[in-house]
Amino acid sequence: MSALVTLDNLTVSYRRHPALHHVSGEFAAGSLTAVVGPNGAGKSTLLKSIAGLLPAAGVMLGLPRQQLAYLPQQSELDRSFPLDVRDCVLLGLWRRSGAFGSATTTMLRDVDAALHTVGLQGFERRPVGTLSSGQLQRVLFARLLVQDAQLILLDEPFNAVDANTTATLLGLVQQWHAQGRTVVAVLHDDAQVHTHFPNTLLLARELVAWGHTAQVLTPANLQRARAMAEAWDEQAPWCEADAPAAAPLLQTAS
């Protein structure tokens, strides 16, 4: 399979220290990949770099950015914004409707179908701020469904959601994979990765291993990742040779 995303010596700095350091490799078109690693390993930074949300050199996409969909962690979302479920899902269609365009009958039908798929029919007018974590994640997956993207980036999509919701959303991920879409997901549950994700990228700010899941999630690789994370010195001098001419000062996501 050809590469849909290529990482070439990707280094992203946060407060003049690398959050990702010399990461290179490829996500093949149609692949399903879990991104795993210790806390602070740079997993979310990797997804944001691919999505174009961080100023990072070393990411090359084999498709237009309009064909990319990104799901952030729920903790990064403002649930106080006065938005109902249908309008939240409609945001996934803004490229078709325009920033100030009105929704067509076809768009509303697509939204209703997506909500039915995730089991939220009848929730159209519920404010998103009243939803449980699992219900909100179903809404966000419905928005991904209407986006109809070829590259889907998921940051901790099953964190703090119930088992039934996780099973439903995993089913959608498998469906996207069967359709030939490329899915990259940050995950923490090793059993989930082994069962549902054929490929894995193991990070500890640097690349530890990348390939078939069974060959990546070995005890030796996991131990190496933990040791690399524990040995990382936040106070070490910044490596000028590793930095771009104007190194970005990245802020935490809001």
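Leaving aside its neighbours within four places in sequence, Gln 73 is in contact with Ser 44, Asp 155 and Glu 156. This residue of the predicted model is a good place to start a tour. Gln 73 sits in the loop between strand S5 (68-71) and helix H2 (85-90). Its relative accessible area is 16%, so Gln 73 counts as buried, since the cut-off for buried is under 20%. Two of its contacts are polar and run from side chain to side chain: one reaches Ser 44 at 3.0 Å, and another joins Gln 73 to Asp 155 at 3.4 Å.

**Helix H1**

Ser 44 leads us straight to helix H1, where it is one of the buried residues. How many of the nine residues of H1 (residues 43-51) are buried? The count is nine of nine, and the helix is described as mostly covered. Besides Ser 44, the buried residues of H1 include Lys 43, Thr 45, Leu 46, Leu 47 and Lys 48. Ser 49, Ile 50 and Ala 51 are buried in H1 as well. Just after H1 comes Gly 52, with a positive phi of about 85°.

**Two leucines of strand S1**

Strand S1 (residues 3-14) holds Leu 4, and Leu 10 lies in S1 too. With a relative accessibility of 11%, Leu 4 counts as buried; Leu 10, at 0%, is buried as well.

Each leucine has a partner from another part of the sequence. Leu 4 and Leu 61 are 57 residues apart along the chain, yet their C-alpha atoms are 5.9 Å apart in space. For Leu 10 and Leu 46, the separation is 36 residues along the chain and 8.9 Å between C-alpha atoms. Leu 46 belongs to the buried set of H1, and Leu 10 touches both Leu 46 and Ser 49.

The contact lists, which leave out residues up to four places away in sequence, tell us more. Leu 4 touches Phe 27, Ala 28 and Ala 29, among others. Its list also includes Met 60, Leu 61, Gly 62 and Leu 63, along with Gln 150, Leu 151 and Thr 182. Leu 10 meets Leu 20, His 21, His 22 and Val 23, and its contacts also include Ala 56, Ala 57, Gly 58 and Val 59.

**Two residues with an unusual phi**

Most residues other than glycine have a negative phi, and most peptide bonds are trans. His 22, which Leu 10 touches, has a positive phi although it is not a glycine, and Asp 148 is another such case. Here they are side by side:

| Residue | Phi | Location | Relative accessible area |
|---|---|---|---|
| His 22 | about 55° | strand S2 (residues 17-28) | 33%, partly exposed |
| Asp 148 | about 60° | loop between H5 and strand S6 (151-155) | 43%, partly exposed |

**Helices H4 and H5**

The loop that holds Asp 148 follows H5 on its way to S6, so let us turn to that helix. Two packed helices are described by the angle between their axes and the distance between the axes. The axes of H4 (residues 105-117) and H5 (residues 133-147) come within 9 Å and cross at roughly 135°. H4 and H5 are therefore oblique to each other, and their crossing is right-handed.

Which residues of H4 and H5 meet? From H4 come Asp 110, Val 111, Ala 114, Leu 115 and Thr 117, while H5 brings Ala 142, Leu 145 and Val 146. The residues of this contact divide into six nonpolar, one polar and one charged.

**Thr 213 in helix H8**

Further along the chain, Thr 213 is found in helix H8 (residues 213-216). Is Thr 213 buried or exposed? Thr 213 is buried, and its relative accessible area is 4%. The side chain of Thr 213 makes a polar contact of 2.8 Å with the side chain of Thr 200. Not counting residues up to four places away in sequence, Thr 213 touches Val 193, His 194, Phe 197, Pro 198, Asn 199 and Thr 200.

**The chain as a whole**

Finally, let us step back. The chain has nine helices and nine strands. Of its 254 residues, 48% count as buried. Among contacts between residues at least 6 apart in sequence, 69% join residues at least 24 apart. The pair Leu 4 and Leu 61, 57 residues apart in sequence, gives a glimpse of how distant parts of the sequence come together.

Notes:
Residues are numbered from 1 along each chain as its sequence is written. This is a predicted model: local features need pLDDT of at least 70, side-chain atom pairs count only at pLDDT 80 or more; totals for chains, interfaces and linings use all residues. Side-chain values use heavy atoms; hydrogens and water are left out. Axes are lines fitted to C-alpha atoms, for helices over the stretch in contact, and angles run from 0 to 180 degrees between N-to-C directions. Helices (H or I, at least four residues) and strands (E, at least two) are DSSP runs, numbered from the N terminus. Angles under 35 degrees count as roughly parallel, over 145 as roughly antiparallel, 65 to 115 as roughly perpendicular and the rest as oblique. A crossing is left-handed if the near helix is turned anticlockwise from the far one by less than a right angle, and right-handed if clockwise. Contact means heavy atoms within 4.5 Å. Ala, Val, Leu, Ile, Met, Phe, Trp, Tyr, Cys and Pro count as nonpolar, Asp, Glu, Lys and Arg as charged, and the others, Gly among them, as polar. Buried means under 20% relative accessible area, exposed over 50%, partly exposed in between (1.4 Å probe, protein chains only). A polar contact is a pair of N or O atoms within 3.5 Å; within protein, one must be able to donate a hydrogen and the other to accept it, and residues adjacent in sequence count only if both atoms are side-chain atoms.
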